[in-house]
Amino acid sequence: MAALWGAFVGVVISVGASAALFWGTHRLFALVERRWAAVAAVSGVITGAVAGALASGIRSGPDSEQLLAGSQLVWIIGGAAVAGLAGAAVGIGWPLSAARIVAVQSRLRALTFVGPAMLFVALGLIIPLLRTIYLSLFDKRGTDFRGLANYGEIFTNAQSLDLSGWAGIFGSQLFYGAVVLFALMAVIALYRGRRRGVRADFSPGTIGIGLGAGLLLSFAVFASLRGTVMNNLWWVVAVTFLSTALGLLAAVIADRVKRESLAKSLIFLPMAISFVGAGIIWRFMYIARPPQKSQTGLLNAIWVWLGTLRPSTGGAWAAVAVLASVTAVLTGLCAFGVRRRQTAIAVGSATAAIPLLWLIYRFLGPGVGGSVPGPNDEPIAGTILFVQESPFNNLWLMVVLIWIQTGFAMVILSAAIKAVPADLIEAARVDGADERQVFFQVTLPTIVPTITVVMTAMIVLVMKVFDIVRVMTNGNFGTQVIANEMWQRSFTEFNLGLGSALAVVLFLGVVPVMGLNIRRMQRGE
Amino acid sequence: MTHPSHQRTRRWRRMTRLIGVLFAFSLVAAACGSDDDSEDADEAPAATEAMAEESMADSMDDDHMDDSMDDSMDDDHMDDSMDESMDDEMMDDSMDESMDDEMMDLSGTKVSVFGPESSDEEAGALRDALDHFAAQTGIEITYTGARDAADQINAQAAGGNPPDIFIFPQPGKLADFARDGYLEPLPADVVAAMNEHWTPAWTVFGDVDGTQYGIPNKSDLKSLVWYKPALFESKGYSVPGTWDELKALSAEMIANGDTPFCIGIESGPATGWTFTDWVEDLMLRFHTPEDYDAWVAGDLAFSSDEVSGVFTEVLDLWNTPGMVFAAGGSIAATPFGDNGQPLVDNDCMMHRQASFYAAFIPEGTVFADGSADAVDTFYFPSVRGDQPVLGAGTLVGAFRDAPEVWEVMKYFGSSEYAEVRQRAQTDRKGGGLSGFLSAATNQDPSVYQPLEQSFLSILQNADVVRFDGSDLMPAEVGAGTFWTEGTAVVNGDKTVAEATQVIDDSWPQ
């Protein structure tokens, strides 16, 4: 109870002190009219004292026992004296005209209100930032100057940037997939162009294929060029792109279903889960247990169950029946598309049928899922080590963030879609545009600014990804990212120099994106 | 137009709202302020406080604590109380000489302890043991436990608000902190008290460049293999006496369709330490203690034939088909704590792990009583015929030089602490093995169960005792690359040559 009263009194005192401060400055600035020189001098003294205290604090480091020791008093009084004299000189040297007095007064009053906020930003953000940059130039305990050696270490260390596997890019299936898709895109575009008498015509579908190819290519690159920095870039590319794309898809589809709010709530739900919580949840989803035991991780349980479906046990026939009926539907859809000259439907359903046909083949032949025949032909679980198998374990970790962020993208994009003026869409319909054209020619161009905002916000968030990696692998198995590396260097190893340098690298990566976002906002998007 | 009385009620309402907001703020402030204090700080009996006021030095300290809330708002006050406590300490220093053996009245003083033990059983028993001492002396002792205490202490020390006493899980860390000037060297009387209870084999880990900074307060015996004797007997297996016999036994087990080992190295942020334990234990067996010391000190490189040979030896054993019972067949994916259940379930025959692993073996398991399901241990076999022992443990170090802190430090190093803690931890575990062990001498052996007594006799009688090497190495290696690169080789991501090179490169110059 004593503690509570103490706190109560403290709060009353600090609120009173703030009120007194505001009142005092208000009175002080009212004096500008009559005693400009005195006001300038007093302001100088206050600013100088604060600056002197800060300077001496920075100079002597965080040694709190030294607070207000003799040398610091000298700094504070010295600062106050110098700035006070300067203020007086300004006050006497530049007397104010009547019009200037009003301007100065209003400016000073504004400062009274903005000042405390600025002070907190400075104390909580600017000064730590400067100190981090300062520390990043020093050794592990912040004593010996090392120049840019810490930064050099980040970009030359094979742990953080390992480009030696570049040749692997051209050997990966992802690369060939990307090449095939690019070729497909080119062929379609050229074909369409010839029909319309131009060199190449990119329909939205063609561009979609191109984006998919680009994503595959980037995966091929990130899976071959390894290291912390590359992992971070992989996260940024994959999570930003996939979350936005899935969010857009969800927003568009949700726009047309009956229980829209329910559907959107379900997709948005993961946003309510913390990153740490989501990491733990997905660890359980991915977990693999010893092959002799039943699997408790959902994904491995499904995978191993699929493996038990074999022609000999009859389970495979049921699976084949289901798959075959779905394939039949898709084939019908494809024929419908060809008849109606709807290339998107035809190509889409044909593409969707390919993996199904492959699955049917697997079920009848070598089998699907994680199960290998044991010595007595009994099935033994062949689990997938989602989290341990590098480099694609990175993707399984990203799934967690995509799962969370898709809801975020969907909500914002859905709002943007709903904000597209109805008369615009009406007009397009009257002109004879079909659904597809309305979306790609009217809706999508209108919401491009929102998509940019979503993507930039996402990039900033993904760049700093920490919790998920920390919880799920702690950077082991080739999943290290800059933020977790920063934590380990700074706090596990207590290497302040290297940790600060990593923080600065992260900061420099985020700043341009932030700047872009702020400029957009200022333009009044 | 509003009615005047209406206006009044509105003003009143506004006033009450303002007071409400202030009150809410103060609740928050009080909650934040009491973070550092103990949970039961508010319940401190009035009598103790009154007594405390009689002694001048203590009352000052008391003021300092009681006003800690105001301090956070009022800078001047903080400076005052800080100056006071500084004066206080200086005074205590000068008093130390004159008063020496005379027991000072320390009731009402406060000592904060921070450490890595955070489970209900371990932290609870630790608190019980501290409460026992608090009741004797009147010192208010608070213990805070956090799993990542070893990380947090860095920031606490650098930020100027360390605890009074930290329980170091790694002597290497203690040495770092001592060299950086954060720790207080032990006064002569504290060293003398420690030497009454601990042999030089253990106190040496708290010795930094010739000055004693740490007191051992807990010991673990690492060179153990857990197994079920009755199962061994029924299957016709015998306890191996040498490394070659162990390998032969494993081969025999695989041939019989049994899985020899349960191994898992996953341990959250500390993933990989189980592997380092195997490497250390075998380093001590394949090579001389001198080689081991040179390796730990950084003079024998990881990429040397000696060390990388041991890496290979461990990996060859682990990677033998059928050798290991593990999640999805992956040692790297198996949490080290998940090895107890399969051992009890007969899914594997053996598990090499330290004495504290008793705490991870499922509840209800009986130990070494000769019954069919009893779990027992055998000594991890030697290679060269000597009987080296790999040990580990925790050490306490002090961040504040004050008589009450040194009293608590002395208590941490006493056999009394070990006995009280062991009793409490056994109770909390509901009988069975407690998982706690202390190599302090002069303990009442009856507090330990027969199996624990056998651990103690191994620890106290071994010719060659070496501390867990990764705990002695600099954090960059011992809690960094040795773990992560070890995990990488176990997971098959890297070769031994690649991994050992990375570890060598990370050794601080």
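Student: How many helices and strands are there in chain A?
Tutor: Keep in mind that this is a predicted model. Chain B has 22 helices and 13 strands. For chain A, the count is 19 helices and 2 strands.

Student: What is the radius of gyration of chain A?
Tutor: Start with the box: the C-alpha atoms of chain A fill roughly 95 × 65 × 55 Å along the principal axes. A compact globule of 525 residues would come out near 24 Å. Chain A doesn't match that, and its radius of gyration is 32 Å.

Student: What share of the residues in chain B is buried?
Tutor: A residue counts as buried if 20 or more other C-beta atoms lie within 10 Å of its own. In chain A, 30% of the 525 residues pass that test. Chain B has 509 residues, and there the buried share is 45%.

Student: Which helix gives the most residues to the largest nonpolar core?
Tutor: That core has 194 residues, and L401(A) and I468(A) are among those with the most contacts inside it. Now look at residues 393–418 of chain A, which give 13 residues to the core. They form the top contributor, helix α14 of chain A.

Student: Why does this core lie between two domains of chain B, and which ones?
Tutor: Check who supplies the residues. One supplier is the domain made of 106–220 + 393–448, and another is the one made of 224–387 + 474–506. Both give residues to the core, so it lies between domain 2 and domain 3.

Student: Which residues does V408(B) touch, leaving out those up to four places away in sequence?
Tutor: V408(B) is one of the residues with the most contacts inside the largest core. In general, nonpolar side chains in soluble globular proteins tend to be buried together. With those sequence neighbours left out, V408(B) touches V111(B), F133(B), I139(B), I141(B) and I165(B).

Student: How many residues are in the other core, the one with V39(A)?
Tutor: This one lies apart from the largest core. Besides V39(A), its members include A41(A), V45(A) and A83(A). The total is 7 residues.

Student: Which residue is the bridge partner of L224(B) in β11(B)?
Tutor: Strand β7 of chain B covers residues 224–227, and 4 bridges join it to β11, residues 376–379. The two strands run antiparallel. In β11(B), the partner of L224(B) is Y379(B).

Student: And which residue in β10(B) stands opposite W226(B)?
Tutor: β7(B) is also joined by 3 bridges to β10, residues 350–352 of chain B. That pair runs antiparallel. Opposite W226(B) you'll find H351(B).

How values were computed
Residues numbered from 1 in each chain as written. Chains lettered and ligands numbered in written order. Predicted model: local features only at pLDDT ≥ 70, side-chain atom pairs only at ≥ 80, totals over all residues. Core = buried A, V, L, I, M, F, W, Y, C linked by C-beta atoms within 7 Å. Buried ≥ 20, exposed ≤ 12 C-beta atoms within 10 Å, placed from the backbone. Helix = DSSP H or I, 4+ residues; strand = E, 2+ residues; numbered from the N terminus. Domains from an automatic or database assignment. Contact = placed C-beta atoms within 7 Å. Pairing = 2+ DSSP bridges. Rg over C-alpha atoms; globule rule 2.2 N^0.38 Å.
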